[in-house]
Every structure is written in structure tokens, then in C-alpha cells.
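Reader: I would like to learn how to read the features of a protein model, one at a time. Could you take me through them, giving the general idea before the case at hand?

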Amino acid sequence: MGSKQRSGVENRRYKRYSQPGEAQIFHLGSTNAYSGRVLDLSEGGCRVKLSYASFLKTGMVVEVSMHFPCAAFRAVATVTHVSEDRSAIGIGFANIGRRARSDLLDLLAELEAAETARATLGKG
């Protein structure tokens with residue numbers, strides 16, 4: 001069993017939210033850029049399905065630009081995971097500006113409220 005999962009329970013620092021969005025990933029120090037879809041988002045980072053296999057590796061520093069229907073922001077991040085087929089990556093936000101963090105937290109609060117409303121409606 002991996003260190004992230006024990007007995008089927010994830011040990012994550014931040015809750016993940018499914019939020020469709022577009023992402024552009026720029027490898028700092030090179031001209032390589034990748035585009036993809038945001039699969040999920042949290043206060044600490046996101047998971048991105050890339051349009052094509054990448055040469056990114058765990059530990060690389062990147063800049064990510066994300067666009068959602070109601071928000072957009074940029075952050076410097078570290079690649080934390082690369083899928084076996086190299087078509088998806090996990091990134092952890094390393095340096096996110098004050099305004100971008102505020103926009104991210106506002107978006108996550110909206111997602112939490114929507115999730116709570118769906119759960120409440122489902123009970124009634």
C-alpha cells in the first residue's frame with residue numbers, strides 16, 4: 001500500500017474538489033509548455049490531464065496558469081507526481097501571490113458551498 005493510502009483512506013492535507021478548468025504549464029528555465037485540463041483542485045495544488053505526454057519529472061519547478069469559468073490565476077509550483085504514461089501530473093503550489101491565493105480560496109469556498117447544498121438536497 002502506498003504512503004498516501006492506508007485502509008482505503010486518503011491522508012491528504014487539503015480537500016480536493018472536482019472543478020473543470022484549463023491549465024497551461026510552463027517549465028521554468030526552458031521554452032517547454034504544456035496544456036491540459038484540470039481534473040481536481042485543492043488549496044495545496046491540482047491534478048492536470050495533459051494534452052500529450054510530457055517530459056516533466058517529479059521535483060521540477062513549473063509555472064501553472066489556470067482558467068475556470070469564474071476565476072483565473074497563476075502560481076509557481078512543483079511537480080509532485082507524474083503518471084506512468086506521462087499524460088497526467090500532480091502539482092503542489094509553491095509560491096502563489098496574495099491575490100491569486102484569495103481567488104483560489106474564494107473558488108474553493110464556492111465549491112464547498114455547492115457540495116454542501118447538493119448533499120443537503122439529496123437528504124430531503
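**Reading the contacts and the fold**

Author: Let us begin with a single residue: isoleucine 91 touches Gly44, Gly45, Cys46, Val62, Val64, Ala77, Thr78, Val79 and Thr80, where residues up to four places away in sequence are not counted, and contact means heavy atoms within 4.5 Å. This is a predicted model, in which local features need pLDDT of at least 70 and side-chain atom pairs count only at pLDDT 80 or more, whereas totals for chains, interfaces and linings use all residues. Residues are numbered from 1 along each chain as its sequence is written, and side-chain values use heavy atoms, with hydrogens and water left out.

Reader: Which elements does the protein chain contain, and in what order do they run?

Author: Helices (H or I, at least four residues) and strands (E, at least two) are DSSP runs, numbered from the N terminus. The protein chain has 1 helix and 8 strands, and from the N terminus on the elements run β-β-β-β-β-β-β-β-α. Of the contacts in the protein chain with a separation of 6 or more, 50% are between residues 24 or more positions apart.

Reader: How many strands close into a barrel, and in what order?

Author: Two strands pair if DSSP finds at least two bridges between them. Here 6 strands close into a barrel in the order S3-S4-S5-S8-S7-S6, with antiparallel pairing. The twist averages 45 degrees from one strand to the next, where axes are lines fitted to C-alpha atoms (for helices over the stretch in contact) and angles run from 0 to 180 degrees between N-to-C directions.

Reader: Which residues stand opposite each other where S3 meets S4 and S6?

Author: S3 and S4 pair in the antiparallel sense over 6 bridges, and glutamine 24 stands opposite serine 35 in S4. These two strands form a hairpin with 5 residues between them, and glycine 29 in the turn has a positive phi of about 90 degrees. S3 is also joined to S6 by 6 bridges, again with the strands running antiparallel; alanine 23 stands opposite methionine 66, and the bridge partner of isoleucine 25 in S6 is valine 64.

Reader: How is S7 joined to S6 and to S8?

Author: S6 and S7 run antiparallel and are joined by 8 bridges, with a hairpin of 2 residues linking them, and phenylalanine 68 has alanine 71 in S7 as its bridge partner. S7 and S8 pair in the antiparallel sense over 6 bridges, among them one in which valine 79 has isoleucine 91 in S8 as its partner. The hairpin of S7 and S8 has 5 residues between the strands, and in this hairpin arginine 86 takes a positive phi near 65 degrees.

Reader: Which side chains along S3 are buried, and which are not?

Author: In a regular strand the side chains alternate between the two faces of the sheet. Along S3, Gly21, Ala23, Ile25 and His27 point to one face and are buried, while Glu22, Gln24 and Phe26 point to the other and are not. Buried means under 20% relative accessible area, exposed over 50%, and partly exposed in between (1.4 Å probe, protein chains only). Buried residues make up 35% of the 124 residues in the protein chain.

Reader: Which residues have the most contacts inside the largest nonpolar core?

Author: In soluble globular proteins, nonpolar side chains tend to be buried together. A nonpolar core is a set of buried Ala, Val, Leu, Ile, Met, Phe, Trp, Tyr and Cys residues joined through side-chain atoms within 4.5 Å. The largest one has 29 residues, and those with the most contacts inside it are Ile25, Leu41, Val64, Met66, Phe73, Ile91 and Phe93. The elements that give two or more residues to this core are strand S3 (21-27), S4, S5, S6, strand S7 (71-82), strand S8 (88-95) and helix H1 (98-123), and the largest share, 6 residues, comes from S7.

Reader: How many aromatic pairs are there, and why is the pair of tyrosine 34 and tyrosine 52 called tilted?

Author: A pair of aromatic rings is described by the distance of the centres and the angle of the planes. Rings of Phe, Tyr and Trp (its six-membered ring) pair if their centres lie within 6.5 Å; planes under 30 degrees apart count as stacked, over 60 as edge-to-face and the rest as tilted. A search of the whole structure finds 3 aromatic pairs. The rings of tyrosine 34 and tyrosine 52 have centres 5.7 Å apart and planes at 50 degrees, so this pair is tilted. Tyrosine 34 lies in strand S4 (residues 33-41) and tyrosine 52 in the loop between strand S5 (45-50) and strand S6 (61-68), so the pair ties together parts that are 18 residues apart in sequence. Tyrosine 34 is buried, with a relative accessible area of 5%, whereas tyrosine 52 is partly exposed, at 45%.

Reader: What aromatic pair does phenylalanine 68 form with phenylalanine 73?

Author: Their pair is tilted, 6.1 Å centre to centre with 35 degrees between the planes. Phenylalanine 68 and phenylalanine 73 are buried, and Phe68, Phe73 and Phe93 form one aromatic cluster.
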